[in-house]
Amino acid sequence: MRVVLLLIVIAVLGVVGWKKRDEIPFLRDAAREVQRHADKVEVPKNPFDTEPPPPVTSGGPKSKVPTGAPRRCVVNGSVLYTNEACPEGSTEHQVKGGTITVYKAPAAPAAAASSGIPNARELLGPKGPSLQQQAQDKIIDGL
């Protein structure tokens, strides 16, 4: 019961303090100090907010990007990162920084049967030793 009464008293004091904040000297001074410092805070401007990065010539010998360096190509509104010349009809932009992770393209699948459609057993079958064989290998290695 005492805790409830204490919470009610704290709430009432908080409401009265909020309503009378301009009349209480230390609250009035604190509010002015906060307002004075809030006027001095400068929010940095995003350089990419107003205009996109400057375009560079698309591919070919005119490109200033060294061979093998990452390139940012804009093709019909979508972005493509490559280390080769940008495709025709795209706009090349400088890569200004950051990290680019490069994945190798998967190898083309081997020629399937005469129909050209892979068998479901080949697609869904196990790619390595079975789970039973793996468990047996772990047991043998532990001995």
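Are Arg 71 and Glu 92 buried or exposed? Both of them are buried. Keep that pair in mind as you go through these close-ups, and remember that you are looking at a predicted model.

**Figure 1. The whole chain, with its four helices and four strands.**
Start with the full view before zooming in. Walking from the N terminus, you meet the elements in the order α-α-β-β-β-β-α-α. The chain has 143 residues, and 10% of them count as buried. Now take the contacts between residues at least 6 apart in sequence: 35% of these join residues at least 24 apart.

**Figure 2. Arg 71 and Glu 92 make a salt bridge.**
Search the whole structure and you find one salt bridge, so to speak a single entry. Here it is: the closest N and O atoms of Arg 71 and Glu 92 are 3.4 Å apart. The two partners come from distant parts of the chain, 21 residues apart. Arg 71 sits in strand 2, which covers residues 71–75, while Glu 92 belongs to strand 4, residues 91–93. As you saw at the start, both residues are buried.

**Figure 3. Cys 73 and Cys 86 are joined by a disulfide.**
The structure holds one disulfide, and the sulfur atoms of Cys 73 and Cys 86 lie 1.8 Å apart in it. Cys 73 is part of strand 2, but Cys 86 is in the loop between strand 3 (78–82) and strand 4, so the bond ties together parts that are 13 residues apart in sequence. What about its twist? The torsion about the S-S bond of Cys 73 and Cys 86 is about -75 degrees, so this disulfide is left-handed. Cys 73 has 0% relative accessibility, so this residue counts as buried. Cys 86, at 6% relative accessibility, counts as buried too.

**Figure 4. Strand 2 pairs with strand 3 and with strand 4.**
Strand 2 has partners to meet here. With strand 3, the pairing is antiparallel and runs over five bridges. With strand 4, the sense is again antiparallel, and three bridges join the two strands. Follow Cys 73 across the sheet: in strand 3 you find Leu 80 opposite Cys 73, and in strand 4 the bridge partner of Cys 73 is Glu 92. That is the Glu 92 from the salt bridge with Arg 71. Step over to Arg 72, and you will see Tyr 81 of strand 3 standing opposite.

**Figure 5. Asn 76 sits in the turn of a hairpin.**
Strand 2 and strand 3 form this hairpin, with two residues between them. Asn 76 is found in the loop between these strands, and its backbone is worth a pause. Most residues other than glycine have a negative phi. Asn 76 is not a glycine, yet its phi is positive, at about 50 degrees. How exposed is Asn 76? Its relative accessible area is 77%, so Asn 76 counts as exposed.

**Figure 6. Val 75 touches Pro 87 and Ser 90.**
Val 75 has its place in strand 2. With a relative accessible area of 24%, Val 75 is partly exposed. Leaving out residues up to four places away in sequence, Val 75 touches Pro 87 and Ser 90. Look for Thr 91 as well: Val 75 and Thr 91 are 16 residues apart in sequence, but their C-alpha atoms are 6.8 Å apart in space.

**Figure 7. Ser 90 reaches the backbone oxygen of Pro 87.**
Ser 90 lies in the loop between strand 3 and strand 4. A polar atom of the Ser 90 side chain is 2.5 Å from the backbone oxygen of Pro 87. Is Ser 90 buried or exposed? Ser 90 is buried, with a relative accessible area of 7%. You have already met both residues as contacts of Val 75.

**Figure 8. Helix 4 is hardly covered.**
Helix 4 spans residues 131–142, which makes 12 residues. From its first C-alpha to its last, helix 4 reaches 17 Å, close to the 16 Å expected at 1.5 Å a residue. How many residues of helix 4 are buried? The count is zero among its 12 residues. Compare that with Cys 73 back in strand 2, which is buried at 0% relative accessibility.

Key. Residues numbered from 1 in each chain as written. Predicted model: local features only at pLDDT ≥ 70, side-chain atom pairs only at ≥ 80, totals over all residues. Heavy atoms only, no water. Salt bridge = Lys/Arg side-chain N within 4 Å of Asp/Glu carboxyl O. Buried < 20%, exposed > 50% of the residue type's maximum accessible area, 1.4 Å probe, protein only. Disulfide = S-S within 2.5 Å. Pairing = 2+ DSSP bridges. Expected span 1.5 Å × (residues − 1). Polar contact = N/O pair within 3.5 Å; in protein donor to acceptor, adjacent residues only side chain to side chain. Contact = heavy atoms within 4.5 Å.
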